[in-house]
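The exercises below ask you to read a fold step by step. Keep the structure open beside you, and try each task before you turn to its solution.

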Amino acid sequence: MSGVRVLVGTRKGAFVLTADGKREQWQVSGPHFGGWEIYHLKGSPADPSRLYASQSSGWFGQIVQRSNDGGKTWETAGNKFAYDGVPGTHQWYDGTPHPWEFKRVWHLEPSLDDPDVVYAGVEDAALFRTGDGGQTWHELPGLRGHGSGPNWAPGAGGLCLHTILIDPGNQDRMFIAISAAGAFRTDDGAKTWSAINRGLKSEGIPDPDAEVGHCVHRIAMHRSRPDVLFMQKHWDVMRSDNAGESWREVSGNLPSDFGFVIDVHAHEPETIYVVPIKSDSEHYPPDGRLRVYRSRSGGEEWEALTNGLPQSHCYVNVLRDAMSIDALDPCGVYFGTTGGQVYGSADGGNTWSPIVRDLPPVVSVEVQTLP
Amino acid sequence: MIRVILPAHLRTLARVNGDEVTVPLETEPTLASVLDAIESQYPVLRGTIRDHVTLKRRPFVRFYACEQDLSHDPPDTRLPEPVVNGREPFLVVGAMAGG
């Protein structure tokens with residue numbers, strides 16, 4: 001029987017949750033790398049046993065870990081992330097120039113067909129690539145060479161490149177997102193990039209519909225329709241039907257259009273999920289009720305999914321990389337909270353139950369569907 | 001040989017047992033050379049104590065020896081004699097700060 005492996009990154013270590021295809025009984029391993037912040041773990045689509053993990057600490061900096069056996073054992077990979085050339089400056093929170101400084105890896109995106117090729121999205125925002133399984137990393141400088149870099153500014157979490165999407169039909173096309181710069185697309189294998197933020201409107205920047213400066217929290221696509229993108233922005237849930245050339249708001253009847261995660265059903269490209277969060281700065285669910293919202297129409301019309309989720313006194317957050325969807329039928333949906341819970345649904349979101357309740361604050365959740 | 005005490009997380013990364021390691025030092029015994037020797041013996045620690053490129057000490061890492069704070073001394077500072085002759089260890093310490 002097929003199964004799933006859920007990779008959970010937390011503020012104090014990594015955890016690996018495994019189950020068979022029923023997704024009822026779970027085995028939990030961890031903490032791996034206890035005491036370290038694990039911003040992200042992800043498995044290679046080409047070799048599910050190959051995992052990569054971003055391990056970091058305010059004391060000792062960045063480490064990259066690699067596993068060749070699905071997370072049973074790990075080995076350290078390379079951790080040198082040096083910007084190409086003279087890094088220059090971006091904007092600081094007050095708009096003054098601030099030197100580019102590497103801080104950590106937020107997101108690791110393995111290639112779709114080569115387990116040794118991985119893209120890394122880092123803070124301060126840049127895109128790196130390894131072609132040797134993580135031993136060496138090189139910046140893909142075309143992104144920061146876009147020319148708008150001096151106008152990028154950090155969001156509350158830092159100037160982070162947090163989303164990397166690879167077009168499965170044309171791997172020279174990739175989409176990335178930076179908080180707070182916006183979304184960008186390359187069509188030539190990361191040599192050159194275009195800002196794709198037309199239609200976004202953001203408070204907090206001098207020109208609300210500027211080319212860059214938008215606090216994009218997450219973008220998602222369904223692999224069968226890579227020209228259709230969904231975005232959870234700082235405020236507003238957005239949709240593009242032309243690979244980001246233009247966006248329109250699809251927040252519809254959501255109780256809050258602020259949030260971090262957004263993801264797409266495995267088998268229904270028009271079915272999407274978000275977790276509305278209250279903001280300014282509260283960053284917990286509206287009314288203390290933890291609700292996943294599902295739209296079966298690609299946005300605008302949303303239904304609350306509450307069965308099994310706490311509906312009173314719940315004040316956790318769900319961070320941007322902390323939702324993932326497996327490829328079983330019906331597909332499973334998973335998300336983690338800053339309260340240390342990882343919730344799972346084995347029926348596309350209709351019912352939920354906690355897989356684990358008391359982990360450190362969850363930063364990221366990725367699921368692998370295993371043969 | 002220089003005796004070195006690493007913080008627990010770096011001992012885990014370097015896969016060493018016990019509180020103390022020793023590193024050979026065949027050049028002038030300075031702050032920079034002992035850090036070079038640590039990184040040479042444990043390449044996984046490159047970037048965790050000082051920056052890969054600038055070789056500056058990471059902000060939350062401190063260097064102590066003989067009850068003295070050497071963190072802000074220039075890299076070419078000679079190690080104290082008790083460290084050079086092995087009577088005292090060189091300490092790499094994670095700054096005491098929250099977490």
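**Exercise 1: a glycine in a loop**

In this predicted model, Gly21(A) is found in the loop between strand E2 (13-20) and strand E3 (27-32) of chain A. Decide whether Gly21(A) is buried, partly exposed or exposed.

Solution. Begin with the cut-offs, under which a residue is buried with 20 or more other C-beta atoms within 10 Å of its own, and exposed with 12 or fewer. Next, take the count for Gly21(A), which has 16 C-beta neighbours inside 10 Å and therefore counts as partly exposed. Finally, look along the chain to Gly3(A), which is 18 residues apart from Gly21(A), although their C-alpha atoms are separated by 4.3 Å.

**Exercise 2: the sheet that includes E22**

Find which strands stand at the edges of the open sheet with the order E22-E23-E24-E25 in chain A.

Solution. Start from the order of the four strands, whose pairing is antiparallel. Strand E22 (259-264) and strand E25 (303-305) each have a single partner strand, so one side of each is left without a neighbour in the sheet. From one strand to the next, the twist averages 30°. Then turn to strands E23 (residues 272-276) and E24 (residues 292-295), which are joined by three bridges, and note that Tyr273(A) has Arg294(A) as its bridge partner in E24(A).

**Exercise 3: the sheet that includes E26**

Which residue in E28(A) is the bridge partner of Val333(A)?

Solution. First place the strands in the open, antiparallel sheet of chain A, ordered E26-E27-E28-E29. Strands E27 (residues 333-336) and E28 (residues 342-345) pair over four bridges, and the partner of Val333(A) is Ser345(A).

Conventions
Residues are numbered from 1 along each chain as its sequence is written. Chains are lettered from A and ligands numbered from 1 in the order in which they are written. This is a predicted model: local features need pLDDT of at least 70, side-chain atom pairs count only at pLDDT 80 or more; totals for chains, interfaces and linings use all residues. Two strands pair if DSSP finds at least two bridges between them. Helices (H or I, at least four residues) and strands (E, at least two) are DSSP runs, numbered from the N terminus. Axes are lines fitted to C-alpha atoms, for helices over the stretch in contact, and angles run from 0 to 180 degrees between N-to-C directions.
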